[in-house]
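Here are some notes to read alongside the model. They go through the ligand site, the voids and a few backbone details.

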Amino acid sequence: MIKYHLHHLRELEAEAIYIIRETAAQFERPAMLFSGGKDSIVMTHLARKAFYPARIPFPLLHVDTGHNFRETLVFRDKMVEEIGARLEVRYVQDSIDKGRAREEKGPNASRNVLQTVTLLDALEELKVDAAMGGARRDEEKARAKERFFSHRDEFGQWNPKNQRPELWMLLNGKKHMGEHFRVFPLSNWTEMDVWMYIQLEKIAIPEIYFSHEREIILRDGVLLANSEYIMKKDSDLIETRTVRFRTIGDMTCTGAVESPASTLSEIIDEIAVSRVTERGTRHDDKRSETAMEDRKKVGYF
Amino acid sequence: MSDFSSEGYMNMELLRFTTAGSVDDGKSTLIGRLLYDSKQIFEDQLEAIEQRSQQRGFEHVDLSLLTDGLKAEREQGITIDVAYRYFATPKRKFIIADTPGHIQYTRNMVTGASTANAALILVDVRKGILEQTIRHSFIASLLQIPHLIICVNKMDLVDYSEEAFSKVVEEYRNLSTKLDIKDVNFLPISALKGDNVVEKSTNMPWYHGSTLMYLLENLHIGSDENHIDCRFPVQYVIRPQQTEYHDFRGYAGRIVSGIYKPGDKVKILPSGETAKVKTIELFGEQITEAYAPMSVTMTLDRDVDISRGDMIVRENNVPSMEQEFDVMICWMNANNLQVGGKYAIRHTVKDARCVIKDIRYKVDINSMHRNEQDKEIAMNDIARITVKTTVPLYFDSYRKNRHTGSIILIDEATNETVAAGMIV
Ligand SMILES: Nc1nc2c(ncn2[C@@H]2O[C@H](COP(=O)(O)OP(=O)(O)O)[C@@H](O)[C@H]2O)c(=O)[nH]1
Ligand SMILES: [Mg+2]
């Protein structure tokens with residue numbers, strides 16, 4: 001390694017910390033979205049580094065679909081306690097009960113889309129003017145177009161055709177009343193970067209990322225965790241398999257992969273030779289080719 | 001990725017590059033090719049674009065569909081916005097900003113260029129140098145992109161002719177004498193067929209240079225950062241509300257240039273006060289030498305009044321501190337620049353306001369002539385202007401330091417970023 005040259009993980013770390021500090025400095029009420037998945041765990045870790053020895057100067061916000069993996073919630077509460085962060089939880093169930101959102105029906109029903117309603121309501125209620133998210137540009141083609149500081153109009157909508165140019169590292173967070181920003185500190189990270197960073201920094205992650213036995217529903221080539229939240233179809237095959245999760249989201253749409261990988265380095269070796277993207281295991285993206293762009297335009301992450 | 005090693009991964013360098021060139025010169029196809037031949041395209045992604053290509057009746061898989069991500073882009077078959085792509089080889093990780101060639105999206109090229117180590121400029125060998133090629137080369141030189149790679153593309157359509165290649169090279173050399181470019185490389189390629197992209201072409205035995213991939217992996221980027229002039233803009237002041245850290249005052253930020261060590265005598269701008277660096281740390285870990293582009297937290301040996309936007313520099317190497325200076329700008333907004341107009345200005349992490357005192361000249365990109373009469377600065381125009389700021393800024397010329405020499409102008413009514421500026 002050349003002297004005075006940062007290797008790429010440290011450069012990505014420095015960039016993300018810069019963006020998080022910039023968000024804390026430019027906005028009045030930032031919040032960090034926390035889903036319990038590895039990206040938001042890494043982002044939270046970076047936020048700790050950014051302000052240490054002070055505590056993270058903004059709350060974590062979890063939009064709870066009510067269909068979470070139990071392990072994720074246990075992990076979330078333990079982590080929040082350990083780092084002394086403030087956690088706000090808002091429930092999709094409440095949005096449904098209040099008539100703000102309508103539950104989808106049928107075997108493919110998911111609360112993934114409904115999350116947007118709860119999220120936008122929570123941002124308004126908490127007067128959040130900048131919501132940081134762990135989305136990465138390598139995840140999906142619409143996300144590849146995102147800025148670090150992504151402007152949202154007063155309806156929370158994204159206008160991908162008229163984004164502010166983002167030059168050098170001069171981030172423009174100026175906005176009118178009622179508008180807000182989404183901020184993506186991990187924009188330039190890839191799935192592999194995230195895993196390598198977790199290993200480098202020895203960051204704890206929920207156990208369901210590692211290989212375990214689980215009852216799964218085999219449907220359309222996707223392995224869904226069997227739970228009471230999923231309505232079964234006749235064609236569904238229910239079996240116990242040795243699996244782990246590559247991404248963690250709502251139980252109804254997060255697919256598992258068959259894998260014996262039970263350590264970080266085994267996971268990393270597996271990803272290095274994997275021929276499908278991590279979103280290839282997501283049911284929500286398979287709905288249509290522009291599923292992500294359509295959801296993002298109306299306020300999804 | 002078969003020769004993946006996790007130890008190697010920890011030691012990889014990061015190279016950021018941007019693509020430029022006229023519409024249809026093959027930028028998106030080239031990126032698709034780089035990703036495809038370096039086996040960075042996943043099965044589900046490939047399946048999706050195979051399907052699209054078939055639906056459209058193409059005989060080959062259209063690799064440009066990989067980067068054109070927005071609905072409107074796929075419908076119109078053009079690139080509208082910057083798309084970022086990532087790939088890695090055992091040597092380097094690459095971040096690509098794929099930018100559109102259309103004139104109305106020139107601002108996106110500037111965006112991609114502002115952080116790039118290298119620019120790939122595509123030229124269709126049959127068409128030679130076009131207006132967009134000149135414009136993009138000029139922007140690359142204006143933004144001081146350290147390395148330029150001129151990819152003479154579609155060689156398959158001219159029977160891989162050496163003459164055709166040499167003609168473009170010569171034409172480009174004439175152009176580049178008028179530009180300020182440090183390192184230019186020329187490559188004959190076919191993005192569609194793959195010649196000289198990742199694999200060495202067997203169709204051009206007359207070409208003895210390297211492939212594009214080899215060049216990208218071996219460009220010398222070690223000296224792209226400035227390690228001489230110490231500049232540390234204070235981004236955030238850390239004052240923990242916990243009793244155990246009652247007296248802690250940390251200055252958080254990103255080192256934009258130079259090397260800092262504990263014990264260094266430093267000067268704080270704008271106050272001019274001096275102090276010594278006590279510690280440089282991150283997450284409690286002490287750093288003995290901190291350099292660009294690290295994000296760190298610095299503590300000083302005595303209490304000095306420092307706030308966001310101040311800059312910590314070395315006592316004997318200070319930037320200029322002025323309220324009036326000249327800037328080369330690229331205008332990026334539909335509303336024209338107003339002489340006498342007031343704008344918000346952002347420099348490092350400092351916000352101020354400014355007034356446009358004068359338009360010195362506009363650059364005619366085709367001839368690269370300076371026009372001192374034309375004062376109408378519209379979208380995509382490049383001009384030299386004089387600005388006066390409400391408070392002094394501490395800056396270097398852009399040529400000396402990309403980080404302390406760059407600014408953006410923001411329209412105070414719309415909050416839009418309206419110009420990218422390089423301090424002369
Ligand atoms: N024959 C040939 N066609 C190419 C080559 N590179 C790109 N093309 C075609 O040129 C057209 C425009 O390419 P595209 O990548 O979309 O150009 P962009 O506008 O610069 O992104 C497409 O039809 C490509 O298939 C090449 O090397 N040879
Ligand atoms: Mg294109």
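1. A word on terms before the helix: buried means under 20% relative accessible area, exposed means over 50%, and partly exposed is in between, with a 1.4 Å probe and protein chains only as cover. Helices (H or I, at least four residues) and strands (E, at least two) are DSSP runs, numbered from the N terminus. This is a predicted model, so please keep in mind that local features need pLDDT of at least 70 and side-chain atom pairs count only at pLDDT 80 or more, whereas totals for chains, interfaces and linings use all residues. Residues are numbered from 1 along each chain as its sequence is written, chains are lettered from A and ligands numbered from 1 in the order in which they are written, and side-chain values use heavy atoms, with hydrogens and water left out.

2. Helix 6 of chain A is a good place to start. It spans residues 191-201 and is mostly covered, with 9 of its 11 residues buried. The buried set is A:Glu191, A:Met192, A:Asp193, A:Val194, A:Trp195, A:Met196, A:Tyr197, A:Ile198 and A:Glu201. Right after the helix comes A:Lys202, with a positive phi near 55 degrees.

3. A:Glu201 deserves its own look. This residue of helix 6 of chain A counts as buried because its relative accessible area is 18%. Its side chain makes a polar contact of 3.0 Å with the side chain of A:Arg10. A polar contact is a pair of N or O atoms within 3.5 Å; within protein, one must be able to donate a hydrogen and the other to accept it, and residues adjacent in sequence count only if both atoms are side-chain atoms.

4. Which residues are closest to ligand 1? Of the 16 residues that surround it, they are B:Asp24, B:Lys27, B:Thr29, B:Asp156 and B:Ala191; a residue is counted if one of its heavy atoms lies within 4 Å. Helix 2 of chain B (residues 27-37) gives the most to this shell, with 3 residues. By class the shell has 4 nonpolar, 7 polar and 5 charged residues. Here Ala, Val, Leu, Ile, Met, Phe, Trp, Tyr, Cys and Pro count as nonpolar, Asp, Glu, Lys and Arg as charged, and the others, Gly among them, as polar.

5. For the ligand's oxygen atoms, there are distances to check. Polar backbone atoms of B:Gly26 and B:Leu192 lie 3.0 Å and 3.2 Å from an oxygen atom of ligand 1, and a polar side-chain atom of B:Ser190 lies 3.1 Å from an oxygen atom of ligand 1. The protein covers 81% of the 580 Å² of accessible area that ligand 1 has on its own, by the Shrake-Rupley method with a 1.4 Å probe.

6. Now the voids. On a 1 Å grid over the protein atoms alone, a cavity is a set of points where a 1.4 Å probe fits but cannot get out, and a pocket is an open set with protein on both sides within 12 Å along at least five of seven lines; lining residues have an atom within 4 Å of a point. Grid points are joined across faces, edges and corners, and a volume is the space filled by probe spheres set on the points. There are 5 cavities of 30 Å³ or more.

7. The second largest cavity holds about 200 Å³. Its lining has 19 residues, and the closest to the centre are A:Arg137, A:Phe148, B:Arg16, B:Tyr84 and B:Thr115. Helix 5 of chain B supplies the largest share, 3 residues. By class, this lining has 9 nonpolar, 5 polar and 5 charged residues.

8. The second largest pocket has a volume of about 940 Å³. Among its 42 lining residues, B:Asp224, B:Glu225, B:Val256, B:Arg402 and B:His403 are the closest to the centre. Helix 1 of chain A provides the largest share, 3 residues.

9. Finally, some backbone points. Most residues other than glycine have a negative phi, and most peptide bonds are trans. The bond from A:Tyr52 to A:Pro53 is cis, with omega near 5 degrees, and a cis bond also joins B:Ala292 and B:Pro293, with omega about -5 degrees. B:Thr348 has a positive phi of about 45 degrees and is buried at 9% relative accessibility.
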